[in-house]
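Me: I am a first-year student, and I would like a close look at one single part of the structure below. Please take me through it step by step, and give the cut-offs behind the terms as they come up.

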Amino acid sequence: MMAEGGGGGGEEKTLVEILEESIPIDLNKYVNYVRSPSAGAIATFEGTTRDTFEGRKVVELRYEAYVGMAERKLRSICGEARGRWEVEAVAAAHRVGTVGVGEASVFVAVAAVHRAEAMEACRFVIDEIKASVPIWKKEVYEDGEVWKENKEFFEGGGGGCCGKKERVEAHVSGG
Amino acid sequence: MADETHQVIDANGEAITTQAPTIRSKAKEPPVEVKVLFFARARDLTGLTDTSLKVPSGSTASYCLSKLFSEFPSLEEIRRSMILALNEEYAPETTVVKHKDELAIIPPISGG
């Protein structure tokens with residue numbers, strides 16, 4: 001799935017994608033998308049999947065998304081980053097489906113005239129993704145599985161609407 | 001996740017209640033039909049990706065939820081951690097649902 005363009009006009013260079021194919025994220029595609037002669041900095045963030053969680057061996061990770069809403073939220077986050085920092089282009093991609101250990105599950109690239117804006121905006125985008133984009137990750141272990149919960153979701157960044165979120169018991173099944 | 005599991009956060013300090021439906025239209029109006037989506041843990045608990053609900057015109061999302069909890073008691077597990085989205089936007093439970101709305105049960109997210 002792909003959604004290009006900003007709030008209006010063709011000026012805002014924004015690319016957001018929820019990637020449903022089971023292939024590694026093409027990082028260069030997003031870096032090249034934001035690259036421009038007027039930008040002196042490109043900041044990127046690559047989130048990769050780990051092979052252990054608290055001593056348990058992770059066999060694989062499965063992501064799912066509320067795709068339409070996830071794209072919509074991604075776009076609004078990129079728009080908010082533009083409102084806060086002078087950035088030239090933003091790209092954000094997140095995989096769904098099974099992601100192998102060590103592969104990128106999420107990638108953000110931000111181009112700006114100067115590095116401070118690029119880096120701050122890039123951090124903002126990934127932090128907001130963790131807080132409010134409806135994507136879920138299940139860690140599958142050798143002896144069970146668990147739906148993960150981002151702490152950012154509970155810190156009020158999330159829905160920004162209800163303020164009635166409480167962390168509950170880990171939903172461990174199996175082993 | 002031993003360090004995270006028992007932490008309880010309620011940002012607004014709100015009591016968690018299920019509101020009765022707010023019926024502001026006449027009783028004769030036809031019921032509205034709402035599509036409900038279940039993701040991640042919510043899907044595991046209900047065994048469904050989606051369902052459909054018929055509620056009186058003027059009902060709130062909160063009322064829809066109370067119907068869902070009686071139909072799927074297992075959802076209780078995420079009652080206090082989930083939030084709602086209505087037509088792809090996060091929405092408070094006080095929102096009045098309309099015919100053909102899409103109501104999504106959003107368990108704690110874990111993207112990234």
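Reply: What follows is a walk through the sheet of chain B, strand by strand, and then through the helix that packs on it.

This is a predicted model, in which local features need pLDDT (the predictor's confidence in each residue, from 0 to 100) of at least 70 and side-chain atom pairs count only at 80 or more, while totals for chains, interfaces and linings use all residues. Residues are numbered from 1 along each chain as its sequence is written, and chains are lettered from A, with ligands numbered from 1, in the order in which they are written.

The sheet of chain B is open and has 5 strands, which lie in the order E2-E1-E5-E3-E4 with mixed pairing; strands and helices are DSSP runs of at least two and at least four residues, numbered from the N terminus. The edges are formed by E2 and E4 of chain B, each of which pairs on one side only, where pairing requires at least two DSSP bridges. In general, such strands pair through backbone hydrogen bonds, either parallel or antiparallel.

If you begin at the E2 edge, you find E1(B) and E2(B) running antiparallel and joined by 6 bridges. Within this pair, Glu33(B) has Lys54(B) of E2(B) as its bridge partner.

Further along the order comes E3(B), which covers residues 83–86 and is joined by 4 bridges to E5(B), residues 102–106, in an antiparallel arrangement. Here Leu84(B) stands opposite Ile105(B) of E5(B). E3(B) also pairs with E4(B), residues 89–90, again in the antiparallel sense, and this time over 2 bridges. In that pairing Ala85(B) stands opposite Tyr90(B) of E4(B). The chain passes from one of these strands to the other through a hairpin, with 2 residues between E3(B) and E4(B), and Asn87(B) in the turn has a positive phi of about 50 degrees.

Which residues of E3(B) lie on one side, and which on the other? Ile83(B) and Ala85(B) are on one side, Leu84(B) and Leu86(B) are on the other, and all of these are buried, so both faces of the strand are covered (buried: 20 or more other C-beta atoms within 10 Å of the residue's own). Leu84(B), already met opposite Ile105(B), also belongs to the largest nonpolar core, which has 74 residues, and is one of those with the most contacts inside it, a group that also includes Val90(A) and Val110(A). Such a core is a set of buried Ala, Val, Leu, Ile, Met, Phe, Trp, Tyr and Cys residues joined through C-beta atoms within 7 Å.

Turn now to helix H2 of chain B, residues 61–71, whose buried residues are Ala61(B), Ser62(B), Tyr63(B), Cys64(B) and Leu65(B). Among the elements that cover these buried residues of H2(B) are E1 (32–38), E2 (50–55), E3 and E5 of chain B; such contacts mean C-beta atoms, placed from the backbone, within 7 Å.

Returning to the antiparallel pair of E1(B) and E2(B), we can place the helix against the sheet: H2(B) packs on it, touching E1, E2, E3 and E5 of chain B, and the direction of H2(B) makes about 115 degrees with that of E2(B).

Terms used. Buried ≥ 20, exposed ≤ 12 C-beta atoms within 10 Å, placed from the backbone. Contact = placed C-beta atoms within 7 Å. Axes fitted to C-alpha atoms, helices over the stretch in contact; angles between N-to-C directions.
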